[in-house]
Amino acid sequence: MAAVTGSRVSRRILTKLAADKTWILPVTGLKVQNGATLSRFMSNKSGERKTTQLKKMLTSPDLEFIMEAHNGLSAKIVEEAGFKGVWGSGLSVSAQLGVRDSNEASWTQVVEVLEFMSDATTVPILLDADTGYGNFNNARRLVRKLESRGVAGACLEDKLFPKTNSLHDGRAQPLADIEEFSLKIKACKDSQSDPDFCIVARVEAFIAGWGLDEALKRAEAYRNAGADAILMHSKKSDPSDIEAFMKAWNNQGPVVIVPTKYYTTPTQHFQDMGVSMIIWANHNLRSSIKAMQETSARIFKDSSLTGVEPNIVSVKEVFRLQNDQELVKAEDIYLPKE
């Protein structure tokens, strides 16, 4: 594979030049040698851009699934488990940084985490981008930064900045003006370089206490503004909100759901309703917290590692996930022999 070394290759769609198999990347001045950074943009298996993979998942006639991750290590684990895509959860990313899911982590800090996740994987990442971290100008700048890091899409929710997590009890959940949010979506779509970069519009009407009419009105407005899919959110313990919406929506476009609260509903039911994608939204974070709490408590109690060592991965497994063998091989090539 030929190298791309130009001093200015800006906002260009990732394009394969058949003649010399050179890649033009949507990053200013990015140097690519021997495919070293291509996993940020492409799948090593299919050769398709990550954006194209995500777009195909959203438009597939089959029900697709993406799994939450919150750093490079967890993203790699998600891919190894077999998932075709990763959900860059706002709750999980903020939690692993030790802050609240209230936009306390800046968008630049979130994007830095996503860059590590993108570099560690060959499957597409859909970022939980909250409200876009401000108005249309903040949101469209975010899109350009995500594209440059190989993130395949952004999910924007129609609430006000700073956001409030949707699963909080008894918290006010003020919604954005429909026209203002629709124009934010349009600004994002107008700003993207890759035509397959996906904007998912997350409708919070049910979360905020509104009914089906409001949810439907917002979904239709966002779809007309250019959203590639609608995420319909509900925190009921049953799928009645989703059922009502899917019936009224009548297949106008792809629908994504997050069944965190109505998790006992059989997955086949969502397939039968015509849902396009399910997000398993925070379960790697929650399971890792439980494991770390139990391990820390056991070691503190025992003042010994004997009780925990059989139940945790080896250090060699950590090295494997870090792709340490690639460094060993590279050292053999690039370090002088003694």
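Two strands are taken to pair if DSSP finds at least two bridges between them, and in this predicted model that rule leads to a closed barrel of eight strands, which runs β3-β4-β5-β6-β7-β8-β9-β10 with parallel pairing. From one strand to the next, the twist averages 30°. Helix α1, which spans residues 50–59, packs on this sheet and touches β3 (64–69), β5 (125–128), β6 (153–157), β7, β8, β9 (255–257) and β10 (277–280), while its direction makes about 45° with that of β7.

One pairing within the barrel can be followed at the level of residues. Strand β7, residues 198–203, and strand β8, residues 229–232, pair in the parallel sense over four bridges, and along this pairing R202 stands opposite L231 in β8. Strand β7 also has a helix lying across it, for α6 (residues 178–191) lies across both β6 and β7 and runs at about 165° to β7.

From the strands we can turn to the way the helices meet one another. Two packed helices are described by the angle between their axes and the distance between the axes. For α6 and α7, the axes come within 9 Å and cross at roughly 35°, and the crossing of these two helices is right-handed. On the α6 side the residues are I178, F181, S182 and I185, and in α7 they meet E214, K217, R218, A221 and Y222. Sorted by class, the contact of α6 with α7 has five nonpolar residues, one polar residue and three charged residues.

Helix α7 (residues 212–224) takes part in a further contact, with helix α8 (residues 240–249), where the two axes come within 10 Å and cross at roughly 50°. Because the crossing has that angle, α7 is oblique to α8. The crossing of α7 and α8 is right-handed. Helix α7 contributes L212, A215, L216, A219, E220 and R223 to the contact, and α8 contributes A244, F245, A248 and W249. The residues of the contact of α7 with α8 comprise eight nonpolar, no polar and two charged.

The aromatic side chains offer another view of how parts of the chain come together. A pair of aromatic rings is described by the distance of the centres and the angle of the planes. The structure holds four aromatic pairs, and one of them is formed by F65 and W280, which are stacked, with 5.8 Å centre to centre and 5° between the planes. This pair links distant parts of the chain, since F65 belongs to strand β3 and W280 to strand β10, with their positions 215 residues apart in the numbering.

Two details of the backbone, both in loops, complete the tour. Most residues other than glycine have a negative phi, and most peptide bonds are trans. In this model, however, a cis peptide bond joins F161 and P162, with omega about -5°, and P162 has its place in the loop between β6 and α6. The other detail concerns D130, whose phi is near 55°, a positive value in a residue other than glycine; D130 lies in the loop between β5 and α5 (136–148).

How values were computed: Residues numbered from 1 in each chain as written. Predicted model: local features only at pLDDT ≥ 70, side-chain atom pairs only at ≥ 80, totals over all residues. Heavy atoms only, no water. Axes fitted to C-alpha atoms, helices over the stretch in contact; angles between N-to-C directions. Contact = heavy atoms within 4.5 Å. Parallel < 35°, antiparallel > 145°, perpendicular 65-115°, else oblique. Left-handed = near helix turned anticlockwise from the far one by under 90°. Nonpolar A, V, L, I, M, F, W, Y, C, P; charged D, E, K, R; others polar. Phe/Tyr/Trp six-rings, centres within 6.5 Å; stacked < 30°, edge-to-face > 60°.
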